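Please read the following walk through a protein model with the sequence and the coordinates open beside the text. The path goes from strands to a core, then to helices, and ends with some backbone details.

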Amino acid sequence: MRKILLFLSLYASFSFSQTTDESQLKAIYNQALTNSKCYSQLEYMSNKIGHRLSGSEGAQKGVEYTKAQMEASGAFDKVYLQEVMVPKWVRGEKEEAYFILNGKKISVPICALGASGPTPASGIKAQVVEVKSLKELETLGTDKLKGKIVFYNRPMNPANVRAFDSYGEAGDQRRSGANEAAKYGALGVIVRSLNLRLDDFPHTGNSSYDEKDVNKRIPGCAISTNGAELLSKSLKENPNLIFYFKQSCHQEPDVLSYNVIGEIKGSEHPENIITVGGHLDSWDLGDGSHDDGAGCVQSMEVANIFKNINYKPKNTLRVVMFMNEENGVRGGKKYADEAQKNRENHILAMESDAGGFTPRGFFFECSDTSFAKFRSWRYLFEPYFIHFFEKGHGGTDIGDVKSKVKVGLSPDSQRYFEYHHAAIDKFDAVNKRELELGAATMTALIYLVDKYGI
């Protein structure tokens, strides 16, 4: 009889907890869809402030705006700035590019890649060598590459269902293409934009160089996917055609900037920290609405939702606007360094940096035991069409944080790279309900971790 009573008692307790969690998640999603501030906050960041490239006036305005929003929300016990020195790379005048085919001048859309050096004031004019990979440079050697412009034209693989897989496979061209081509005496590089769609928008992004003096780095630019197709076709018609491009980007000394941090002290375990955030900086062609204004406002909304449903976190919750993810990750590294220096105990670090599209689930970096616990909660998310719970990369800004679990929000990625690092990454590309659903999904998982641990 005692065993039966104990079983009934445990079952009743489990059923009550299950019902409570379902009700709490419903309250979270209701708040996000009916009383959220994240869309209006993103509108201000995008349309009133604009791009927020590290070291720029827009980045500083972004710091001031998000700090003021956190303070005004009344959701935090304290809001503060964390100093971090960041690089200041300036694009300069609009880039220009064309090639000559059969006596006709054909202009193509390009943009300088981050960290690139400038061309001479008169530009660069040379023959083009098309390649599909970095490894192909080795087979060509200095004899065929010296004094030429290297054209990296490996498209993102359309066969991958996960668009981020295709991005990862093709990204070495942009990251290392100029640095590797310089070793063979190339004058500059053209890189096919990392975009699955054929369009006329070049996509920027950061490059890595061994050369520390930016003025000695060979210039690298991205060409739109339509431009890349046209150039490749024209090279087959005339392999000796001449390509011209001009860009005036330059590097200035590092400047002082900030991570913006809002903190709610835990009611039961203040020594345990849950961090959620996005990166405040963006590239300068658009206004960074998807990358990563969306992640910033979604993270701030987590605290607003908890306040509105009268939920007081048991563990300390930090909302962090990281600075300088795009071209240095210095904000993320500074946050991690300070956390380690202060011997903080992070039980969860979550990041939203994959766009403001419909949420599908999460990527988890954690032990098998913790992952099994997360998977056991999946049924709570299924009414909201959240079903993707997989192990994988949590996020760049939280990469150095010594956290027991790291989580990355995983939205639908099919359209993300149409906008990523391009001039069309603007506010009108973000859907209000999709953005709000992402904020609710992040809040729901944080609630469960806060309540049950990892």
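In this predicted model, strand β13, residues 345–351, and strand β16 run parallel and are joined by three bridges. Within this pairing, E351 of β13 stands opposite G408 in β16. Strand β14, residues 359–365, is also joined to β16, but here the two strands run antiparallel and the number of bridges is six; P359 stands opposite P411 in β16. Strands of a sheet pair through backbone hydrogen bonds, and the sense of the pairing can be either parallel or antiparallel.

How many of the residues of β16 are buried? Strand β16 spans residues 406–411, and six of its six residues are buried. In a regular strand the side chains alternate between the two faces of the sheet. Both faces of β16 are covered, with K406, G408 and S410 buried on one side and V407, L409 and P411 buried on the other.

One of these residues, V407, leads on to the nonpolar interior, as it is in contact with L445. Leaving aside neighbours within four places in sequence, L445 also contacts M350, F362, F364, F374, W377 and F381. The largest nonpolar core has 64 residues, and those that touch the most other members are F362, F364, F374, F381, L445 and I446. Helix α13, residues 432–452, supplies the largest share of this core, namely nine residues. Another core, of 20 residues, lies apart from it and includes I124, C221, L235 and F245.

Helix α13 also meets helix α2, which covers residues 38–49; the axes of the two helices come within 9 Å and cross at roughly 115 degrees. Since angles of 65 to 115 degrees count as roughly perpendicular, α2 and α13 are therefore roughly perpendicular to each other. Their crossing is right-handed, and the contact is made by C38, Y39 and L42 of α2 together with K432, L435 and E436 of α13. Another residue to follow in helix α2 is S46, which has a relative accessible area of 5%. S46 therefore counts as buried, because the cut-off for that class is under 20%. Not counting residues up to four places away in sequence, S46 touches D287, S289 and F427.

A further pair of helices gives a second packing angle to look at. Helix α5, residues 163–170, and helix α6, residues 172–182, pack at an angle of about 10 degrees with their axes 6 Å apart. Angles under 35 degrees count as roughly parallel, and α5 and α6 are therefore roughly parallel to each other. Here Y167, G168, E169 and A170 in α5 meet D172, Q173, R174 and R175 in α6.

Elsewhere, eight strands form an open sheet with mixed pairing, in the order β3-β2-β9-β5-β6-β7-β8-β4. The edge strands, each of which pairs on one side only, are β3 (104–107) and β4 (110–112). Neighbouring strands of this sheet are turned against each other by 30 degrees on average, direction ignored. Within the sheet, β5 (residues 124–131) and β6 (residues 149–152) pair in the parallel sense over four bridges, and V129 stands opposite V150 in β6. Helix α4, residues 135–145, lies across β5 and β6 and runs at about 150 degrees to β5.

The remaining stop is the backbone in and around helix α8. This helix, residues 289–308, is mostly covered, with 18 of its 20 residues buried. The peptide bond from D291 to D292 is cis, with omega near 5 degrees, and D292 is found in helix α8. Just after α8 comes N310, in the loop between α8 and β12 (315–322). N310 has a positive phi of about 60 degrees although it is not a glycine. Is N310 buried or exposed? Its relative accessibility is 72%, so N310 counts as exposed. V329 lies in the loop between β12 and α9 (330–341), and V329 likewise has a positive phi, of about 55 degrees, although it is not a glycine. At 16% relative accessibility, however, V329 counts as buried.

Notes: Residues numbered from 1 in each chain as written. Predicted model: local features only at pLDDT ≥ 70, side-chain atom pairs only at ≥ 80, totals over all residues. Heavy atoms only, no water. Pairing = 2+ DSSP bridges. Axes fitted to C-alpha atoms, helices over the stretch in contact; angles between N-to-C directions. Contact = heavy atoms within 4.5 Å. Buried < 20%, exposed > 50% of the residue type's maximum accessible area, 1.4 Å probe, protein only. Core = buried A, V, L, I, M, F, W, Y, C linked by side-chain atoms within 4.5 Å. Parallel < 35°, antiparallel > 145°, perpendicular 65-115°, else oblique. Left-handed = near helix turned anticlockwise from the far one by under 90°.
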